[in-house]
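Biologist: Could you take me through the largest nonpolar core of this protein? I would like to know which residues build it and what lies around it.

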Amino acid sequence: MAEVHRQIQIQLEEMLKSFHNELLTELEKKVELDARYLNAALKKYQTEHKSKGESLEKCQAELKKLRRKSQGSKHPSKYGDKEMQYVEAISNKQSELDNCIAEGYKHALSEERRRYCFLVDRQCAVAKNSSVYHGKVRKNTALHFLFICW
């Protein structure tokens, strides 16, 4: 009986080491690396978003100036072509900003999914090791019980 208990204890220690190595250690590494990566990705996104937003605001301000200028002019029609150019530029800049935001969301969701998949993969490995451990314990306990009853 002592031998069976010792074997079960050794198997439990192996399972706990596996849990530590498969899940905890890997998660600690990932968290540190991911924190750096995500901070860099966030800064890049914020810089790009700010740049596109400022560009859009600049075009909008120029259009506003042009419209004020054309209202005070004796010949407002001469500003029509330039106004259309600014409207088109604003539309393009708005599309670029919208695309930047959409790509940012897609990237963030992709990264989140990748992290969840990693975690699920590690949890499956730990569950498999736990299942193997419990199977061995059950087998050893059943064999020991049969030995005692015999």
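Modeller: Happy to! In this predicted model, the largest nonpolar core is a set of 8 residues. Its members are Leu56, Cys59, Leu63, Leu66, Tyr79, Tyr86, Ile90 and Leu97. Two helices each supply at least two residues of this core: α1, which covers 2-72, and α2, which covers 80-149. The greatest contribution is that of α1, with 4 residues. As a general background, nonpolar side chains tend to be buried together in soluble globular proteins.

Leu56 is a good place to zoom in. Once its neighbours within four places in sequence are left aside, Leu56 is in contact with Ile90, Lys93, Gln94 and Leu97. Two of these partners, Ile90 and Leu97, are themselves members of the core.

Now for some residues that are not listed in the core. Glu62 sits in helix α1. Its relative accessible area is 26%, so Glu62 counts as partly exposed, because buried means under 20% and exposed means over 50%. From Glu62 to Glu83 there are 21 residues in sequence, and their C-alpha atoms are 9.2 Å apart in space.

Lys65 also has its place in helix α1. With a relative accessible area of 48%, Lys65 is partly exposed too, since the exposed class begins over 50%. Between the C-alpha atoms of Lys65 and Val87 the separation is 13 Å, and the two residues are 22 apart along the chain.

Ile101 belongs to helix α2. Its side of the story is worth a look: Ile101 has a relative accessible area of 23% and is therefore partly exposed, as buried would require a value under 20%. Not counting residues up to four places away in sequence, Ile101 touches Tyr45 and His49. A different picture comes from Tyr133, which is 32 residues from Ile101 along the chain, with 48 Å between their C-alpha atoms.

Tyr45 leads us on to the largest pocket, as it is among the lining residues closest to the pocket's centre, together with Ala41, Gly104, His107 and Ala108. The lining has 17 residues in total, and the pocket holds about 470 Å³ of space. As with the core, α1 and α2 each supply at least two residues here. For the pocket lining, however, the largest share comes from α2, with 10 residues, whereas α1 gives the most to the core. By character, the lining divides into 9 nonpolar, 6 charged and 2 polar residues.

Let me finish by setting the core within the whole protein. The secondary structure consists of 2 helices and 0 strands. The radius of gyration is 32 Å, well over the 15 Å that the globule rule gives for 150 residues, so the protein is more spread out than a compact globule. The C-alpha trace spans about 115 × 25 × 15 Å along its principal axes. Buried residues account for 19% of the 150 residues. As for contacts between residues at least 6 apart in sequence, 82% of them join residues at least 24 apart. The contacts of Leu56 with Ile90, Lys93, Gln94 and Leu97 are a handy place to start when you turn the model on your screen.

Methods: Residues numbered from 1 in each chain as written. Predicted model: local features only at pLDDT ≥ 70, side-chain atom pairs only at ≥ 80, totals over all residues. Heavy atoms only, no water. Core = buried A, V, L, I, M, F, W, Y, C linked by side-chain atoms within 4.5 Å. Buried < 20%, exposed > 50% of the residue type's maximum accessible area, 1.4 Å probe, protein only. Contact = heavy atoms within 4.5 Å. 1 Å grid on protein atoms, 1.4 Å probe; cavity = no way out; pocket = protein on both sides within 12 Å on 5 of 7 lines; lining within 4 Å. Points joined across faces, edges and corners; volume = space filled by probe spheres on them. Nonpolar A, V, L, I, M, F, W, Y, C, P; charged D, E, K, R; others polar. Rg over C-alpha atoms; globule rule 2.2 N^0.38 Å.
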